[in-house]
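Reader: I am in my first year and would like to look closely at one part of this model. Could you take me slowly through the last helix and what lies around it, explaining each term as you go?

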Amino acid sequence: MASHGWAEFFTQDGTPYYFNSQTEETSWDKPDVLKSEDELQDSGDWVWAPHESEGYVCGQITNEYHTGETEVTTEDGEVVVVGKKEKHRITKALKGSLKKNHADLVQMDEISEPMIQNNLRLRFNNNQIYTNIG
């Protein structure tokens, strides 16, 4: 194990998580010491932005205009412009939690409208239509 103590592990469903043997910290987010150069350039603050057809999408703020509009770019390169009146709906996202599929919504790291919607979308795409709460 490296001197920083971080190691990557996987859950039963293949989701990566990270454990530090020195501090006994566990994280869904990949620590910077394990990231490649490309991953370090991609790191930064992630947000949920309202989207006309998807409800919410996750991305990074790439521009803020003098008109009050905010430009958000998703992981797959889609650019979403959020109007001044909708800007209050942009919220911080926990990127490490995006690919986690929870059968019980109470087990989610963050319980918010965008995260619940994201989890339900993941489950639907995996043909897992039943979800618990509690």
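Author: What follows begins with the whole chain, turns to the helix, and ends with a few single residues.

The model is a predicted one, in which local features need pLDDT of at least 70 and side-chain atom pairs count only at pLDDT 80 or more, while totals for chains, interfaces and linings use all residues. Residues are numbered from 1 along each chain as its sequence is written, and side-chain values use heavy atoms, with hydrogens and water left out.

The protein chain contains two helices and eight strands, where helices (H or I, at least four residues) and strands (E, at least two) are DSSP runs numbered from the N terminus. Read from the N terminus, these elements follow the order β-β-β-α-β-β-β-β-β-α, and the C-alpha trace spans about 50 × 40 × 20 Å along its principal axes. Of the 134 residues in the protein chain, 34% count as buried; buried means under 20% relative accessible area, exposed means over 50%, and partly exposed lies in between, with a 1.4 Å probe and protein chains only.

The helix you ask about is α2, which covers residues 113-125. With 13 residues at 1.5 Å a residue, helix α2 should span 18 Å, and its end C-alpha atoms are 18 Å apart, which agrees; the expected span is 1.5 Å times one less than the number of residues. Within α2, the residues P114, M115, N118, N119 and R123 are buried. The buried residues of α2 pack against three strands, namely β4 (47-51), β5 (55-64) and β8 (91-92).

N118 makes a good example, since this residue lies in helix α2 and is buried because its relative accessible area is 10%. When neighbours within four places in sequence are left aside, N118 is in contact with W48 and L98, contact meaning heavy atoms within 4.5 Å.

Just after α2 comes N127, which takes a positive phi of about 60°. Most residues other than glycine have a negative phi, whereas the phi of N127 is a positive value in a residue other than glycine. N127 counts as exposed because its relative accessibility is 67%.

Another residue can be set beside N127: E24, in the loop between β2 and β3 (25-27), also has a positive phi, near 60°. E24 counts as exposed because its relative accessibility is 62%.

For a buried residue outside the helix, consider T15, which is found in the loop between β1 and β2 (16-20) and counts as buried because its relative accessibility is 10%. The side chain of T15 makes a polar contact with the side chain of D13 at 3.0 Å; such a contact is a pair of N or O atoms within 3.5 Å, where within protein one must be able to donate a hydrogen and the other to accept it, and residues adjacent in sequence count only if both atoms are side-chain atoms. Beyond its neighbours within four places in sequence, T15 is in contact with F9, F10, W28, K99 and K100.

Finally, W6 lies in strand β1 (residues 6-10) and is buried because its relative accessible area is 14%. The C-alpha atoms of W6 and E78, which are 72 residues apart along the chain, are separated by 33 Å.
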